[in-house]
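Me: Got a minute to go through this structure with me? I'll put it up here and start asking.

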Amino acid sequence: MTIFRTGDLVIAHNNVGSILQVVDKEMDDTGRVVYKVDTKEYCYPEDLKPAPHYFNEDGTESADIKTIIVTGGAGYVGSLLVRKLLQNNYRVICIDNLRFGGASLIDICCHPQFWLENIDINDFAEVDRVVEKSNCYGIIHLAAIVGDPACKLEPEVAAKTNWDSSIHLIDKALQSNIERFIFASTCSNYGKMSGASEYVDESSPLAPVSLYAELKVKVEDYLLNKIEKKHDFSPTCLRFATVYGMSPRMRFDLTVNEFTKELALGRELLVFGEQFWRPYCHVSDFSRAMLTVLRQPKEKVAYNVFNVGDSLENYTKKMIVDELLKLMPKGRIKYIEKSEDPRDYRVNFDKIKDELGFLISKKVPEGMEEILRSIQNGVVDKPDREVFYNTPI
Ligand SMILES: NC(=O)c1ccc[n+]([C@@H]2O[C@H](COP(=O)([O-])OP(=O)(O)OC[C@H]3O[C@@H](n4cnc5c(N)ncnc54)[C@H](O)[C@@H]3O)[C@@H](O)[C@H]2O)c1
């Protein structure tokens, strides 16, 4: 029978969804050991087992495996990231309120090195409880109201979730001596390019044109410039290109995914402003980039910002359509003129390549093929369903 000590994290047989902490050990009237846990309940040793992310399956402690908290780990980006971390022998605590359901975690929710905390990041007491108990090495912060339309629809929730809760999490990480913090930001922060042939890079001025990007810029500024700089804390902002590709939580409100889906379903595709540029990056390369950052010496990534993508993967919408027509030559397209798009930008991604050695592994046409195949063979059932969108359709 496992002997527990004060501070150990445990799961009680009558409450397998929560991690409890042993706060005291006493004898009952018959002389048996009974543990008091932080819910104020008393448990006999046989009613408790070690919490998975602290112990090996045989109950022995293992300090050599690092624990990472991933907020938003059930989402489009996060559900691939948590799998990547598990494959690379990290323990993962996922904080997510399952805004789009929990189906993306079905196959890993009982993995011995995975733990889901189904909580709201706006509930600071709950977040503090998880962070304090986790003894984690790093936090990767993805949870957010994601995208311009979703933030526009719920501006107050967006401000609370994307700003207040991010600040709280950063402060809590600092206070808890957590070593790494990766913040998921966006290339949308750049806004419009100043000249048609120019590329923006990490040193370019930021010109957010939506609440979504404004909040990202503010959090970046807080993380990189406003907090006390500690040599043992390593915060990094990753400005991701526009994402595409297959994930356990699919999104069809992203350009490449949506365009491929519409043509795959035999519909006429309406394209607004075909001349505007954007950078694109496969969702699985996002996970590879975050893992790359996690493994770098701190001095290379601390208080630093990197664009994530590849300079050759900037496309206009017309170029995206042309790639799709190679796959589906009978596709019907209708271009609708739009003379202004404040999110017209081409991005340079040399910094992450030169300084961290990060290279993408997939290009846009491969992502299109994945999506087309998954719709044609029925793997994605009814892709118009609301669960695949971040705003009501
Ligand atoms: N190109 C880009 O600029 C780009 C692209 C994709 C993602 N991102 C960033 O990556 C991150 C993840 O995006 P995604 O595409 O996976 O989005 P998503 O909407 O699929 O995932 C967000 C996750 O956060 C969770 N969440 C939302 N509010 C929460 C709350 N209050 N408490 C707990 N959990 C909450 C949701 O349940 C969801 O699982 C976001 O921060 C996003 O801004 C940037």
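Me: How many residues of β10 are buried?
Reply: Seven of the seven, so β10 is largely enclosed by the rest of the structure. Keep in mind that this is a predicted model.

Me: Which residues sit on which side of β10?
Reply: R180, I182, A184 and T186 are on one side. F181, F183 and S185 are on the other. Both faces are covered, and all of these residues are buried.

Me: Why do they split up like that?
Reply: In a regular strand the side chains alternate between the two faces of the sheet.

Me: What's the direction of β9 against β10, parallel or antiparallel?
Reply: Parallel, with four bridges joining the two strands. In that pairing, I140 stands opposite I182 of β10.

Me: And how many bridges link β10 with β11?
Reply: Seven, again in the parallel sense. Strand β11 covers residues 234–240. One pair to look at there: F183 has C237 of β11 as its bridge partner.

Me: Switching to the ligand. Which residues are closest to it?
Reply: G72, G75, V77, R99 and T186. The ligand is surrounded by 31 residues.

Me: Which elements give two or more residues to that shell?
Reply: β10 (180–186) and β12 (242–244). So β10 is back in the picture: T186 is among the closest residues to the ligand, and T186 is also one of the buried residues of β10.

Me: What's the make-up of the shell by class?
Reply: It has 16 nonpolar residues, 10 polar and five charged.

Me: OK, helix α1. Mostly covered or mostly open?
Reply: Mostly covered. The helix runs over residues 78–87, and seven of its 10 residues are buried.

Me: Which ones are buried?
Reply: G78, S79, L80, L81, V82, R83 and L85.

Me: What do they pack against?
Reply: Four strands and a helix turn up there: β6 (67–71), β7 (91–95), β8 (114–117), β9 (138–141) and α7 (283–295).

Me: What happens just after α1?
Reply: N89 takes a positive phi, about 65 degrees.

Me: Where else is phi positive in a residue that isn't glycine?
Reply: L98 is one, at about 50 degrees. L98 sits in the loop between β7 and β8. N135 is another, with phi near 50 degrees. The place of N135 is the loop between α2 (124–134) and β9.

Me: Why does L98 count as partly exposed?
Reply: Because L98 has 16 C-beta neighbours inside 10 Å. A residue needs 20 or more to be buried, and 12 or fewer to be exposed. N135 has 17 such neighbours, so N135 counts as partly exposed too.

Me: Now β8. Which residues cover its two faces?
Reply: F114 and L116 are on one side, W115 and E117 on the other. All of them are buried.

Me: How does β8 pair with β7?
Reply: In the parallel sense, over four bridges. I93 has W115 of β8 as its bridge partner.

Me: Where is Q113, and is it buried or partly exposed?
Reply: Q113 is in the loop between β7 and β8. It is partly exposed, because 18 other C-beta atoms lie within 10 Å. The C-alpha atoms of Q113 and E126 are 21 Å apart, with the two positions 13 residues apart along the chain.

Me: Over to the start of the chain. Where is F4?
Reply: In the segment before β1 (9–12). F4 counts as buried because it has 21 C-beta neighbours inside 10 Å.

Me: What does F4 touch?
Reply: V10, V22, Y35 and L48, leaving out residues up to four places away in sequence. The C-alpha atoms of F4 and K49 are separated by 9.1 Å, though the two are 45 residues apart along the chain.

Me: How is the chain divided into domains?
Reply: Domain 1 is 9–50 and domain 2 is 67–388. Their C-alpha centres lie 40 Å apart.

Me: Last one. What pLDDT does the chain average?
Reply: It averages 92, and 95% of the residues score at least 70. Over residues 55–59 the pLDDT is below 50. That stretch has seven contacts in the model beyond near neighbours in sequence.

Methods:
Residues numbered from 1 in each chain as written. Predicted model: local features only at pLDDT ≥ 70, side-chain atom pairs only at ≥ 80, totals over all residues. Near = placed C-beta within 6 Å. Nonpolar A, V, L, I, M, F, W, Y, C, P; charged D, E, K, R; others polar. Domains from an automatic or database assignment. pLDDT = per-residue confidence, 0-100. Contact = placed C-beta atoms within 7 Å. Pairing = 2+ DSSP bridges.
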